[in-house]
Amino acid sequence: MQTRHVEVPEELFERLHQSRLGRRSDSDQVRIALAIHVYLEGLISIGKAAELVGEPRIDFEWLLSQMGMPVARYDVADYERDLRAMAEAEPRPRPS
C-alpha cells in the first residue's frame with residue numbers, strides 16, 4: 001500500500017490522545033480517524049475502512065459502536081427501496 005507523509009499540528013495529536021484512540025500509536029490514531037471520516041462520508045464501506053486500518057471488521061465495528069457512531073447506514077432511499085420491493089413481492093402461501 002502506498003503511503004503519504006503529512007504534517008499534523010501537535011494540538012490535533014493532543015486531542016487524539018484524549019480520545020478513545022489515545023492508547024494507540026500516533027500513526028494508528030490518524031489512520032483510524034481518517035478511515036472513520038471517509039466511512040461516515042459514505043466514500044468507503046465499513047469493510048474497506050477496517051481493511052485500511054488493519055483491523056478485523058468486527059473490531060472496527062466495535063470501536064465505532066463504542067464511539068457512538070453508526071455501524072450500518074440505512075437512509076430514506078434504502079427504506080423507500082425496501083418498501084417498493086415488499087409491495088412488488090408475490091405473497092407466499094401460508095403454511096396450513
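A residue is called buried here when its relative accessible area is under 20%, and exposed when that value is over 50%. The exercises below concern a predicted model.

**Exercise 1. Determine what share of the 96 residues in the chain is buried, and how the extent of the chain relates to that of a compact globule.**

Solution.
1. Under the cut-off given above, buried residues amount to 20% of the 96 residues.
2. For a compact globule of 96 residues, a radius of gyration near 12 Å would apply, but the chain has 19 Å.
3. Along the principal axes, the C-alpha atoms occupy a box of roughly 65 × 25 × 25 Å.
4. The exposed surface of the chain is about 8,000 Å², of which carbon and sulfur atoms supply 53%.

**Exercise 2. State which secondary structure elements the chain contains, and what fraction of its contacts joins residues at least 24 apart.**

Solution.
1. The count is 5 helices and 0 strands.
2. Read from the N terminus, the order of elements is therefore written α-α-α-α-α, each helix being a DSSP run.
3. Take the contacts between residues at least 6 apart in sequence: 36% of these join residues at least 24 apart.

**Exercise 3. Describe the charged side chains of the chain and where the centres of the two sets lie.**

Solution.
1. There are 13 positive and 17 negative side chains.
2. The centre of the positive set and the centre of the negative set are 5 Å apart.

**Exercise 4. Identify which residues of helix 4 are buried, and explain why they line one face of the helix.**

Solution.
1. Helix 4 covers residues 57-66, and its buried residues are Phe 60, Glu 61, Leu 63 and Leu 64.
2. Viewed down the axis of helix 4, these buried residues fall within an arc of 155 degrees, so they line one face.
3. On the face turned away from the buried side are the exposed residues Ile 58 and Trp 62.
4. The packing partners of the buried residues of helix 4 are helix 2 (26-40) and helix 3 (46-53).
5. Just after helix 4 comes Gly 68, which adopts a positive phi of about 75 degrees.

**Exercise 5. Decide whether Leu 16 is buried or exposed, and list which residues it touches beyond four places away in sequence.**

Solution.
1. Leu 16 belongs to helix 1, residues 10-18.
2. Its relative accessible area is 18%, so Leu 16 is buried.
3. Leaving aside residues up to four places away in sequence, Leu 16 touches Leu 21, Gly 22, Gln 29, Val 30 and Ala 33.
4. One of these, Val 30, is 14 residues from Leu 16 along the chain, with 8.1 Å between the two C-alpha atoms.

**Exercise 6. Classify Leu 12 and Ser 19 by relative accessibility, and give a C-alpha separation for each.**

Solution.
1. Leu 12 is also a residue of helix 1.
2. With 47% relative accessibility, Leu 12 counts as partly exposed.
3. Leu 12 and Val 30 are 18 residues apart along the chain, and their C-alpha atoms are separated by 9.4 Å.
4. Ser 19 lies in the loop between helix 1 and helix 2.
5. Its relative accessibility is 29%, so Ser 19 counts as partly exposed.
6. From Ser 19 to Leu 43 the C-alpha distance is 24 Å, with the two residues 24 apart in sequence.

Notes. Residues numbered from 1 in each chain as written. Predicted model: local features only at pLDDT ≥ 70, side-chain atom pairs only at ≥ 80, totals over all residues. Heavy atoms only, no water. Helix = DSSP H or I, 4+ residues; strand = E, 2+ residues; numbered from the N terminus. Rg over C-alpha atoms; globule rule 2.2 N^0.38 Å. Buried < 20%, exposed > 50% of the residue type's maximum accessible area, 1.4 Å probe, protein only. Contact = heavy atoms within 4.5 Å. Areas by Shrake-Rupley, 256 points an atom, 1.4 Å probe, with all protein chains shown as cover. Lys, Arg positive; Asp, Glu negative; His and termini not counted. Charge placed at Lys NZ, Arg CZ, Asp CG, Glu CD. Arc of directions from axis to C-beta.
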